[in-house]
Amino acid sequence: MLIRYRFSKDGDAKYLSHLDLLRVFDRAVRRADLPIEYSKGFNPRPKISFGPALAVGISGSGEYADMEFSDKID
């Protein structure tokens, strides 16, 4: 199941780099115990893909990302 969501990056979050933002969403998914799909291979990573990266210090109100889940969720 693929879910596309929209989020904003403003306030103090605008000072996060793109890689830090990836880690934030990865950690949030693991802590919420969501059934995220992982890549196959030697070093499995969660299947989360983001749109183009914003520069550090730039805020954005319409950022998109995709997550792939192994089961259906509400």
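In the predicted model, the accessible surface of the protein chain amounts to about 5,500 Å². Carbon and sulfur atoms contribute 52% of this area. The chain comprises 74 residues, 24% of which count as buried. Measures of extent along the principal axes give a span of about 35 × 30 × 20 Å for the C-alpha trace.

The secondary structure consists of one helix and three strands, arranged in the order β-α-β-β from the N terminus. Among contacts with a sequence separation of 6 or more, 66% are formed by residues 24 or more positions apart.

With respect to charge, the protein chain carries 12 positive and 11 negative side chains. The centres of these two sets are separated by 4 Å.

One acidic residue was examined individually. E63 is part of strand β3, which covers residues 60-68. Although E63 is buried, no salt bridge is assigned to this residue. The nearest side chain of opposite charge is that of K9, at a distance of 7.3 Å; a salt bridge would require a side-chain nitrogen of Lys or Arg within 4 Å of a carboxyl oxygen. When residues up to four places away in sequence are left out, the contacts of E63 are with Y5, R6, F7, P52 and L54. R6 is thus listed among the residues touched by E63, while the absence of a salt bridge holds for E63 as a whole.

Terms used
Residues numbered from 1 in each chain as written. Predicted model: local features only at pLDDT ≥ 70, side-chain atom pairs only at ≥ 80, totals over all residues. Heavy atoms only, no water. Helix = DSSP H or I, 4+ residues; strand = E, 2+ residues; numbered from the N terminus. Buried < 20%, exposed > 50% of the residue type's maximum accessible area, 1.4 Å probe, protein only. Contact = heavy atoms within 4.5 Å. Areas by Shrake-Rupley, 256 points an atom, 1.4 Å probe, with all protein chains shown as cover. Lys, Arg positive; Asp, Glu negative; His and termini not counted. Charge placed at Lys NZ, Arg CZ, Asp CG, Glu CD.
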